[in-house]
Amino acid sequence: MPLSRQATVEHIYATGLRNQWHPVVPSSFVAPGAMRKVTALGEPWLLFRRSDGTLAMLADRCPHRSAPLSLGIHLGDRVACWYHGVEVATDGTVSAVPGLPGCNLEGRKLVTSLPVREVGGAILAYFGDEQHPEPAELTLPEPLTDPGTDAFLCYAEWNVPWRYAVENLLDPMHGAFLHHESHSMYDGDTTAKFRIRETDRGYFFEKTDQRGVNFDWVELCRTGVDWVDLEIPYPLSAGPGGPFGIVGMVCPVDERRCGVFFWRYRRVRGWQRDTWRFLYRTLIEQRHWDVLEQDRAMLEALPADADQQENLYQHDLGVVRLRRLFRAGAESQSVTS
Amino acid sequence: MTDTTWPYLDVHQSRTHDPTPYEYKLAATLEEVFTKDGHELTDVVRGLNSRQVHAPDGTPWTEESFRTEIHRLGA
Ligand code: FES
Ligand SMILES: [Fe+2]
């Protein structure tokens, strides 16, 4: 099992918490009958989809001599390693050793196979350590399951440590500055007081003196997968339906990179839904993208030791809380603790 | 089959095709109507017709024809 033994606190903190679900890539990245190599939590993986759509996620490491299975051949319900032909089924069992039939590798489950789910157009996987192989209970974000809410997924790959991408979401105040030149965050006060409000699944970090004008609140939700919920008003031009929301998740790719998943959602039905979807595809998606690029430019410009020399103030309480949660998680999962 | 495509940065992830000139025109006019005229379906139909932005067959919009067309475009 690759998510493994030498996992120190620092390694886990840098490459993502174990024993929970994480998003990996959009579902569309793996067509029926296709394979795709991905990196997540600092390890290489193989996504493998059967022609009927069933998806599997295997450690990208042949149990014979560790060649990447992603260089191998898709055989429908198993993959054949290119190096010596060993065949691995989607549950990680060696199904054949063609060079030595009857070899004692056959029938043994030697490759890690992660539980996967597909949600809102994204692949989620459960990354358990050796003590926690059974998937944690997963409660999906309501905006992605509620039939009265409509969502578009936006996925992007950033050269940013995963925690910085999550911290950015627990820092609503940057909206009024970094995104001042944008279609949705130009308005509102540039001073604010914040508070933390605990919930049974995480916490809100919210302004006490302004609501519904800019990026004024965010909720961190830990429901088997870590995600945030937030809301930003649309200008009148976006038509009926009120503000748009964002469900955000981050895939820890490795120590320096992450994949960000932003579902832009709106509570709309009927002609209002159709109109929003039409405007989104034709005009609004580009504007949302421009805002996201402001975040990427800023976060990719942060020095690697950004969190080593800081002078925080009241607006950073949401980030401080986040770090404490993640740090405690990494400590409890580390084998050295 | 490999992740050598890093980083994936694609502005348009929701489109099935590049918008046509008609679609761009309709979208821009809808934004103007929503900004200046209101958010009701009656506002939309009146606003589009008063700006001479008609359905593809050239006829003025009705609530029914707008519902049908926007469903085709936004489903
Ligand atoms: S390394 Fe895969 S078959 Fe030998
Ligand atoms: Fe931002």
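This is a short tour of a predicted model, going from the metal site to the annotated domains and a few backbone oddities.

**The iron site**

Let's start with the iron ion (ligand 2). Its protein donors are NE2 of A:His174, NE2 of A:His179 and two OD atoms of A:Asp295, and they lie 2.0 to 2.4 Å from the metal. If you like motifs, the spacing of these donors along the chain reads H-x4-H-x115-D. A:His179 sits in the loop between α4 (175–178) and β13 (194–199) of chain A, while A:Asp295 belongs to helix α5 (residues 270–301) of chain A, so this pair ties together parts that are 116 residues apart in sequence. Both A:His179 and A:Asp295 are buried.

What about the geometry around the iron ion (ligand 2)? The four donor atoms subtend angles of 57 to 147°, which makes the arrangement irregular. To count as tetrahedral, four donors would need all angles between 85 and 135 degrees. For comparison, the ideal angle for four tetrahedral donors is 109.5 degrees.

**Buried pieces of chain A**

Helix α3 of chain A (residues 162–169) is mostly covered, with eight of its eight residues buried. The buried set mixes side chains of several kinds, including A:Trp162, A:Arg163, A:Glu167 and A:Leu169.

A:Cys221 is another covered residue: its relative accessibility is 0%, so it counts as buried. You'll find A:Cys221 in strand β15 (residues 217–222) of chain A. Its C-alpha atom is 20 Å from that of A:Gly175, and the two residues are 46 apart along the chain.

**A nonpolar patch on the surface**

Chain A also shows a nonpolar surface patch of about 420 Å², built from A:Leu71, A:Ile73, A:Leu75 and A:Trp82. One of these, A:Ile73, lies in strand β5 (residues 73–74) of chain A. Is A:Ile73 buried, partly exposed or exposed? With a relative accessible area of 45%, A:Ile73 is partly exposed. Patch members need over 30% relative accessible area, so a residue can belong to a patch without counting as exposed, which takes over 50%.

**Two annotated domains**

UniProt lists a domain on each of the two chains below, both from unreviewed entries. Here is how the two stretches look in the model:

| UniProt feature | Residues | Helix | Strand | End C-alpha atoms apart |
|---|---|---|---|---|
| domain: Rieske | 21–125 of chain A | 0% | 43% | 5 Å |
| domain: Recombinase-like | 5–75 of chain B | 54% | 0% | 30 Å |

In other words, the chain A stretch has strand but 0% helix, whereas the chain B stretch has helix but 0% strand.

**Backbone oddities**

Most residues other than glycine have a negative phi, and most peptide bonds are trans. A few spots here go the other way.

A:Leu41 has a positive phi of about 50° although it is not a glycine. A:Leu41 is in the loop between β2 (35–40) and β3 (43–49) of chain A, and with a relative accessible area of 0% it is buried.

B:Gln52 also has a positive phi, near 60°. B:Gln52 is in the loop between α2 (41–50) and α3 (63–74) of chain B, and at 59% relative accessibility it counts as exposed.

Finally, where is the cis peptide bond? It joins B:Trp6 and B:Pro7, with omega at about -10°. B:Pro7 is placed in the segment before α1 (21–36) of chain B.

Notes. Residues numbered from 1 in each chain as written. Chains lettered and ligands numbered in written order. Predicted model: local features only at pLDDT ≥ 70, side-chain atom pairs only at ≥ 80, totals over all residues. Heavy atoms only, no water. UniProt positions renumbered as here; feature names shortened; annotations may be inferred. Helix = DSSP H or I, 4+ residues; strand = E, 2+ residues; numbered from the N terminus. Patch = residues over 30% accessible without salt bridge, like charges linked within 9 Å, V, L, I, M, F, W, Y side chains within 5 Å. Areas by Shrake-Rupley, 256 points an atom, 1.4 Å probe, with all protein chains shown as cover. Salt bridge = Lys/Arg side-chain N within 4 Å of Asp/Glu carboxyl O. Buried < 20%, exposed > 50% of the residue type's maximum accessible area, 1.4 Å probe, protein only. Donors = N, O, S within 2.8 Å, 3.2 Å for Na, K, Ca; no water. Tetrahedral: all angles 85-135°; square planar, octahedral: opposite > 155°, others 65-115°.
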